[in-house]
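This report goes through one protein chain, from single residues to the overall fold and back. Please keep the sequence and the 3D view open while reading.

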Amino acid sequence: KYKLNAHVGLVSEEDIKKFRNIFTAVSFDFVSDSKVIEEVYHLDKTVEDYLKSYKALKKHLPVFPHLTLGLYRGRLSPKSWEYEALRILIEDLKAQAVVLNVFIPTPNTAYAKYQPPKIKEIGMFFKYARAKYPKTKFYLGCMRPKGKYRTEVDKLAVENKFNRIVQPTKPARKLAEELDYTIKETYECCVL
């Protein structure tokens, strides 16, 4: 009777066979840059490994790719890897929905000194994503900085007609009401 989402990493066909009948859906952090894989995740893996895992998962379960903006040192620009990752997910892998997160500096880690991307850069990415892929569902996931930054990101998601926003701030809710959007509250993971 329960719906379960598993947030998995790189997996093999054997791994998938062990859990495919347990989970309703799978969340999958997608990376399309070898430098990011090595420096952020400290893995001796390739972009091909990510593609292989995604494709294998998709054969057995609904997969919701997660793309973290600014994951590499808080950087985000039109030349950043996230733009190519979005293209791969939607055009090559045929993702129907993409969960977008935003880098949060984590204390006591190598990335603690970096700041999240500028709000303007997030806005440019959201606008690009919605304009380039109008039929794709975009979700603003739970991982994003708090405070005023979060409020601004949430409002950008509303302005760009994201389909779901995890725990939106009050100003974002108010903006959605002002824009006369249909609002439906749920109490489960955004991909379920």
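## Thr 151

Thr 151 sits in helix α6. The model is a predicted one, and in it Thr 151 has a relative accessible area of 17%. Since the cut-off for a buried residue is under 20%, Thr 151 counts as buried. Beyond its neighbours within four places in sequence, Thr 151 is in contact with Thr 169 and Pro 171.

## Overall fold

The protein contains seven helices and six strands. Along the sequence they come in the order β-α-β-α-α-β-α-β-α-β-α-β-α.

The radius of gyration is 17 Å, which agrees with the value near 16 Å for a compact globule of 192 residues. Along the principal axes, the C-alpha atoms fill a box of roughly 50 × 40 × 35 Å. Of the 192 residues, 45% count as buried. The accessible surface is about 11200 Å², and carbon and sulfur atoms hold 53% of that surface. Among contacts with a separation of 6 or more, 64% are between residues 24 or more positions apart.

## Helix α5

Helix α5 covers residues 119-132, which is 14 residues. From first C-alpha to last it reaches 20 Å, close to the 20 Å expected at 1.5 Å a residue.

The buried residues of α5 are Ile 122, Gly 123, Phe 125, Phe 126, Ala 129 and Arg 130. Viewed down the helix axis, these buried residues fall within an arc of 165°, so they line one face of α5. Lys 120, Lys 127 and Ala 131 are exposed on the other side of the helix. What do the buried residues of α5 pack against? Their partners are three strands and two helices by name: β3 (63-69), β4 (97-102) and β5 (137-140), together with α4 (81-92) and α6 (147-159).

## Nonpolar cores

Two residues of α5 return here. The largest nonpolar core has 49 residues, and Phe 125 and Phe 126 touch the most other members of it. Helix α4 gives the largest share of this core, with seven residues. Apart from this core lies another, of nine residues, including Phe 64, Tyr 139, Cys 190 and Val 191.

The contacts of Phe 126 can be listed, leaving aside its neighbours within four places in sequence. They are Leu 69, Leu 100, Leu 140, Val 153, Leu 156, Ala 157, Asn 160 and Phe 162.

## Val 191

Val 191, one of the nine residues of that other core, is found in the segment after α7 (170-178). Val 191 counts as buried, at 6% relative accessibility. Gly 141 is 50 residues away along the chain, yet the C-alpha atoms of Val 191 and Gly 141 are separated by 9.2 Å.

Which residues does Val 191 touch, not counting those up to four places away in sequence? The list is Asn 5, Ala 25, Ser 27, Phe 64, His 66, Val 99, Tyr 139 and Arg 164. Phe 64 and Tyr 139 also belong to the nine-residue core.

## Met 143

Met 143 lies in the loop between β5 and α6. With a relative accessible area of 30%, Met 143 is partly exposed. Met 143 and Asn 101 are 42 residues apart in sequence, while their C-alpha atoms are 5.2 Å apart in space. Asn 101 is also one of the residues that Met 143 touches, not counting residues up to four places away in sequence. The others listed are Thr 68, Val 102, Phe 103 and Ile 104.

## Loop residues with positive phi

Arg 73 is not a glycine, but has a positive phi of about 60°. Arg 73 is in the loop between β3 and α4. Its relative accessible area is 26%, so Arg 73 is partly exposed.

Lys 161, also not a glycine, has a positive phi of about 55°. Lys 161 lies in the loop between α6 and β6 (164-165). Is Lys 161 buried or exposed? Lys 161 has a relative accessible area of 53%, and is therefore exposed.

Key
Residues are numbered from 1 along each chain as its sequence is written. This is a predicted model: local features need pLDDT of at least 70, side-chain atom pairs count only at pLDDT 80 or more; totals for chains, interfaces and linings use all residues. Side-chain values use heavy atoms; hydrogens and water are left out. Helices (H or I, at least four residues) and strands (E, at least two) are DSSP runs, numbered from the N terminus. The expected span of a helix is 1.5 Å times one less than its number of residues. Buried means under 20% relative accessible area, exposed over 50%, partly exposed in between (1.4 Å probe, protein chains only). The arc is that of the directions from the helix axis to the C-beta atoms. Contact means heavy atoms within 4.5 Å. A nonpolar core is a set of buried Ala, Val, Leu, Ile, Met, Phe, Trp, Tyr and Cys residues joined through side-chain atoms within 4.5 Å. The radius of gyration is taken over C-alpha atoms; the globule rule is 2.2 Å times the number of residues to the power 0.38. Accessible areas come from the Shrake-Rupley method with a 1.4 Å probe; for residues, only the protein chains shown count as cover.
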